[in-house]
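Trainee: I have a model open and would like to understand the labels people attach to it. Could we go through them together?

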Amino acid sequence: MKSKTTAIILSVLLGQLGIDRFYLGYTGLGVVKLITCGGFGVW
């Protein structure tokens, strides 16, 4: 069970690196977000 609060904190602090997606188990999206520096600022 993943904490929503932790995911939000990770998203705010390390969102451009995709750490929040890795935490939630979305490895593919995490890699894409990491490569595109946060989806070019959209995510």
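Mentor: Happily; we will take burial, contacts, a surface patch and confidence in turn.

Mentor: This is a predicted model, where local features need pLDDT of at least 70 and side-chain atom pairs count only at pLDDT 80 or more, while totals for chains, interfaces and linings use all residues. Residues are numbered from 1 along each chain as its sequence is written, and side-chain values use heavy atoms, leaving out hydrogens and water.

Trainee: Why does Ala7 count as buried?

Mentor: Buried means under 20% relative accessible area, exposed over 50% and partly exposed in between, with a 1.4 Å probe and protein chains only. Ala7 has 11% relative accessibility, so Ala7 counts as buried.

Trainee: And what makes Ile8 exposed?

Mentor: Ile8 has 55% relative accessibility, so Ile8 counts as exposed. Ala7 lies in helix H1, and Ile8 lies in helix H1 too; helices are DSSP runs of H or I with at least four residues, numbered from the N terminus.

Trainee: Which residues does Ala7 touch, not counting those up to four places away in sequence?

Mentor: Asp20, Tyr23 and Leu24; contact means heavy atoms within 4.5 Å.

Trainee: Which element gives the most to the nonpolar patch?

Mentor: H1, with 5 residues.

Trainee: How confident is the predictor in the protein chain?

Mentor: pLDDT is the predictor's confidence in each residue, from 0 to 100. The protein chain averages 88, and 100% of the residues score at least 70. Among the elements, helix H4 (residues 37-40) has the lowest mean pLDDT, 78, and H2 the highest, 93.

Conventions:
Helices (H or I, at least four residues) and strands (E, at least two) are DSSP runs, numbered from the N terminus.
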